[in-house]
Amino acid sequence: AVVSTQSTGGAEIVAISTRLAQKDVILSSYQDDLSQLRDCEVNADNAETDATLLRKQLASLQEETGTLRKTINHLKGELDQQQRLNTALVQRNAAKNAVVSSEPSLHHHCPDPRTESQIDVLKKQHQEEIRRKNYDIKKLKEELAA
């Protein structure tokens, strides 16, 4: 009778040892899963931080693009105004020359007080101003395209 209790007790110890080993395996698996979960949470936080930074950069770039578009439109308006003014001056001078040539020469006409070199300087300054504005418009268009 003593032998049978020992074999039953030994079987229980083996069964308990087996269950304990299985629980250790499950606990180890849970710990691995928990570690992976923590890593995923850190990665998600990092991704959220990156996304926030990218949203801020996007908003900044959109604001800059809007400002550049306004500047381009303003410069285009100025250029159009300069071109209209130049056209009007050319037409006025052409009309003035036509009237002067059709009138009899009864009046004494004083020469332009500006010398020809002064007139050339003014023309060059005007052309340089137009060239600079065209360059600014070109650069702004390139920046918008980029």
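Begin the tour of this predicted model by selecting Lys133, Ile137 and Leu140 in helix H2, three residues that are buried. With these still highlighted, extend the selection to the whole of H2, which runs over residues 116-145, and place a distance between its end C-alpha atoms: they are 43 Å apart, which agrees with the 44 Å that 30 residues should span at 1.5 Å a residue.

**The core between the helices**

Keep Ile137 and Leu140 selected and add Leu68, Ile72, Leu75 and Leu79, and you have the six residues of the largest nonpolar core. The elements that give two or more residues to this core are H1 and H2, and the largest share, four residues, comes from H1. As a general background to this step, nonpolar side chains in soluble globular proteins tend to be buried together.

**From Lys133 across to helix H1**

Return now to Lys133 and show its side chain together with that of Glu78, since the two meet in a salt bridge with an N to O distance of 3.4 Å. The pair links distant parts of the chain, with Glu78 in helix H1 and Lys133 in helix H2, 55 residues apart. Are the two partners buried or exposed? Lys133 has a relative accessibility of 15% and therefore counts as buried, the cut-off being under 20%, whereas Glu78, at 27%, counts as partly exposed.

**Salt bridges along helix H2**

The structure holds five salt bridges in total, and two that can be inspected next have both partners within H2. Select Glu128 and Arg132, whose closest N and O atoms are 3.9 Å apart in a salt bridge; the two residues lie four residues apart in the helix, about one turn. Colouring by accessibility would show Glu128 as partly exposed, with a relative accessible area of 33%, and Arg132 as partly exposed too, at 47% relative accessibility.

Then move along to Lys139 and Glu142, where the side chains meet in a salt bridge of 3.4 Å, N to O. These residues are three apart in helix H2, again about one turn. An α-helix has 3.6 residues a turn, so residues three or four places apart point the same way. Glu142 counts as partly exposed at 39% relative accessibility, and Lys139 is partly exposed with a relative accessible area of 34%. Before leaving the salt bridges, add Glu129 to the earlier selection of Glu78 and Lys133, because salt bridges that share partners join these three residues into one network.

**The largest pocket**

For the last stop, select Leu89, Arg114, Ile119, Leu122 and Lys123, which, among the twelve residues lining the largest pocket, lie nearest its centre. A surface drawn around this region should be read against a pocket volume of about 410 Å³. Which helices supply at least two residues each to the lining? Helix H1, covering 2-102, and helix H2 each do so. Colouring the lining by class gives four nonpolar, four polar and four charged residues.

Technical notes: Residues are numbered from 1 along each chain as its sequence is written. This is a predicted model: local features need pLDDT of at least 70, side-chain atom pairs count only at pLDDT 80 or more; totals for chains, interfaces and linings use all residues. Side-chain values use heavy atoms; hydrogens and water are left out. The expected span of a helix is 1.5 Å times one less than its number of residues. Buried means under 20% relative accessible area, exposed over 50%, partly exposed in between (1.4 Å probe, protein chains only). On a 1 Å grid over the protein atoms alone, a cavity is a set of points where a 1.4 Å probe fits but cannot get out, and a pocket is an open set with protein on both sides within 12 Å along at least five of seven lines; lining residues have an atom within 4 Å of a point. Grid points are joined across faces, edges and corners, and a volume is the space filled by probe spheres set on the points. Ala, Val, Leu, Ile, Met, Phe, Trp, Tyr, Cys and Pro count as nonpolar, Asp, Glu, Lys and Arg as charged, and the others, Gly among them, as polar. A salt bridge is a side-chain nitrogen of Lys or Arg within 4 Å of a carboxyl oxygen of Asp or Glu. A nonpolar core is a set of buried Ala, Val, Leu, Ile, Met, Phe, Trp, Tyr and Cys residues joined through side-chain atoms within 4.5 Å.
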